[in-house]
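Trainee: I've just opened this one and don't know my way around yet. Could you walk me through it?

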Amino acid sequence: KDQQKTPLPPGPPFLECLQITWRMLRKNDTHLIAEDLRKRYGEIFNIRLFSSNLVFLNSSRIMRKLSVSGQYRNVTNDRPWTFYGHFICYGCRNVSLRNYNEMLMKVRKMVHGTIKLYGDGIKVFDDMVNGEIQILQKELENSKLKASFDLCKALKVSLIRVIHIFLTNERPKDSEECNYICDTVEEFDDVDNEMFNSVLLNTCPWVRFLPGRGRRLYKAALEGRDKLNNLYLNSSIKERLKGHGKGFIGKILSEAEYANEMEDEDIKGIVGEMVTAGYLTTKGALSGFFLLILYYPEIQRRIQEEIDDNIGSDREPSLDDRGIMHYTNAAILECLRFISHVPVGIPHVTREEIEVEGMRIPAKTAMVTNYWSAHRSDKYWDKPDVFLPERFLDDDGKLLPSEHILRSQLIPFGIGKRNCVGESFAKSRMFLYVTSLLQRFNFSPGENKLPPSDSKLWMPNSTMMPAFLNCVVAKR
Ligand code: HEM
């Protein structure tokens, strides 16, 4: 009786819910639909589908309240069932698709500890990434004769190489090995992404037994997964990497052996996830950043000025420089806000019924963390649809401190118990790539048309990135 008194969050009427769901399935632009609905219904709304509910959380305030505050956090951090998690990730044995329990906390702690960049010192990380950036720089230098260079493609190879070194602590031996690694990672990522978004397989898992698209996709995902496992976790590589205890795989294998709690499937799930999460998101972030500076040459010029004044041209940028590069940091933060690379995050699920701000969210309800609206709402941001790094600077041109109210609205990596474990890895690579490339090159639009500057107009995907990025690269 009491429950009936507390209403569900507001939302559109039943027929409109059906139309909305159909559009989400067809176009995958959940973030844009959700922003329209937020304007009508506010920070929490509900899309009702027969007996189930899909609740949208549309501001950092409400996401923080539900995932961080003690009253809620133990019951709002599970994940929904997905075909991908169940059939490809060995029954959700990676990090992102596990439910919130003691084992997840242990796995997160282990991954955090292993991913911790500065465990071996900033210098080791600088050297690893800078070595790869130098290879990319050489490629860019050779591109000067071409009228238009596909920067997306060059970044892709470079970032896959970084992930490979991060995992194994070894550089690819030669171009043949590098091509094989790139092909394997890309093949896995493409099919992984498609499968993650496949409505057909997520709603009707039995189609994997029938001839047709669903079965083909399922088989391709299994093949991609096994090829990746063979690349990184075959028995001789495991032996070698565990032996030197370096790189993510070496460290996690030693940790797992020590803790004696992880099975082969856990390691495979986690390593596969490091490849997809570690590569795709950062590729999206960097290609988005360089697209934006092609549209805003003034911003490119100001970053270069800051590099010239603080780092100069005689040495490579280092993570130690971050503290003095206020404008560059502001531009990176603004890029993360403006694009919202993972616009609707990974859904959370309630374990028990909860009441929040006079609304009831039943147990087992999927909650969509709508980062897009959190970053584009005019309630929290002045001119939200304008790319404006200055918004993160104070009157003296210094970066606003992280506890500043405006900075607390920016949550591209999520917050609370399920926040991104790769945040510092992603931010560090962004800083080094941006500063190292702008130190040596000017980027300008090429002859071909560019994708639109506003990610609102890009092809929607679970990780947003421009489809291509043709530009002219000139040595400074
Ligand atoms: C610009 C780059 C990146 C962005 C914008 C990003 C964003 C996110 C977001 C929004 C979430 C979901 C948070 C939630 O559910 O509340 C997440 C989770 C996660 N991210 Fe990232 N991420 C990035 C890079 C990375 C990297 C480089 C790695 C690994 C090397 C990584 C690994 C993960 C993992 C394992 C999770 C799941 C955490 C959990 O469920 O407990 N991410 N990320």
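Trainee: Which strand is joined to β4 by two bridges?

Mentor: Keep in mind that we're looking at a predicted model. Within it, H348 has M367 as its bridge partner. Two bridges tie β4 to an antiparallel strand, residues 366-369, and that strand is β7.

Trainee: What is the order of the strands in the open sheet with mixed pairing?

Mentor: Start with the edges: β1 and β4 (348-349) each have a single partner strand, so one side of each has no neighbour in the sheet. Helix α3 (residues 30-41) packs on this sheet and touches β1, β2 and β7, its direction making about 115 degrees with that of β1. With four strands in total, the order reads β1-β2-β7-β4.

Trainee: Which residue in the hairpin of β1 and β2 takes a positive phi?

Mentor: β1 (residues 44-49) and β2 (residues 52-57) run antiparallel and are joined by six bridges. Across that pair, I47 stands opposite L54 of β2. The hairpin has two residues between its strands, and the one with a positive phi near 50 degrees is F50.

Trainee: And the sheet of three strands: why do β3 and β8 each have one side without a neighbour?

Mentor: This open sheet has the order β3-β9-β8, with antiparallel pairing. β3 (149-150) and β8 (441-445) stand at its edges, so one side of each is left free of a neighbour because each has just a single partner strand.

Trainee: Which residue of β9 does F149 stand opposite?

Mentor: β3 pairs with β9 (residues 470-475) over two bridges, in the antiparallel sense. Opposite F149 in β9 you'll find C471.

Trainee: Which helix lies across β8 and β9?

Mentor: Look for a helix running at about 75 degrees to β8. This helix also meets α8 (residues 151-168), the two axes coming within 9 Å. The helix across β8 and β9 is α14.

Trainee: At what angle do the axes of α8 and α14 cross?

Mentor: The crossing is right-handed. Among the residues of α8 that take part are L151, L155, L159 and F166, while α14 brings V271, M274, G278 and F290, among others. That contact divides into 14 nonpolar, three polar and two charged residues. As for the angle between the axes, it's roughly 145 degrees.

Trainee: How many residues of domain 1 are in contact with domain 2?

Mentor: The protein is divided into domain 1 (1-80 + 344-376) and domain 2 (100-342 + 377-475). Their centres, taken over C-alpha atoms, are 28 Å apart. Domain 2 brings 24 residues to the contact, and the count for domain 1 is 24.

Trainee: Which element gives the most to the side of domain 1 that touches domain 2?

Mentor: Four elements give two or more residues there: α2 (14-27), α3, α4 (60-68) and α17 (371-376). By class, that side of domain 1 has seven nonpolar, 10 polar and seven charged residues. The top contributor, with six residues, is α17.

Trainee: Where does the ligand lie relative to the two domains?

Mentor: There are 26 residues around the ligand, and the closest are S96, G278, G414, C420 and G422. Sorted by class, this shell has 13 nonpolar, 10 polar and three charged residues. Domain 1 and domain 2 both give residues to the shell, so the ligand lies between them.

Trainee: Last one: which element gives the most to the shell around the ligand?

Mentor: G278 is one of the residues closest to the ligand, and G278 also belongs to the contact of α8 with α14. The elements giving two or more residues to the shell are α6 (102-115), α14 (264-295) and α19 (423-440). With seven residues, the one that gives the most is α14.

Methods. Residues numbered from 1 in each chain as written. Predicted model: local features only at pLDDT ≥ 70, side-chain atom pairs only at ≥ 80, totals over all residues. Near = placed C-beta within 6 Å. Nonpolar A, V, L, I, M, F, W, Y, C, P; charged D, E, K, R; others polar. Domains from an automatic or database assignment. Axes fitted to C-alpha atoms, helices over the stretch in contact; angles between N-to-C directions. Left-handed = near helix turned anticlockwise from the far one by under 90°. Contact = placed C-beta atoms within 7 Å. Pairing = 2+ DSSP bridges.
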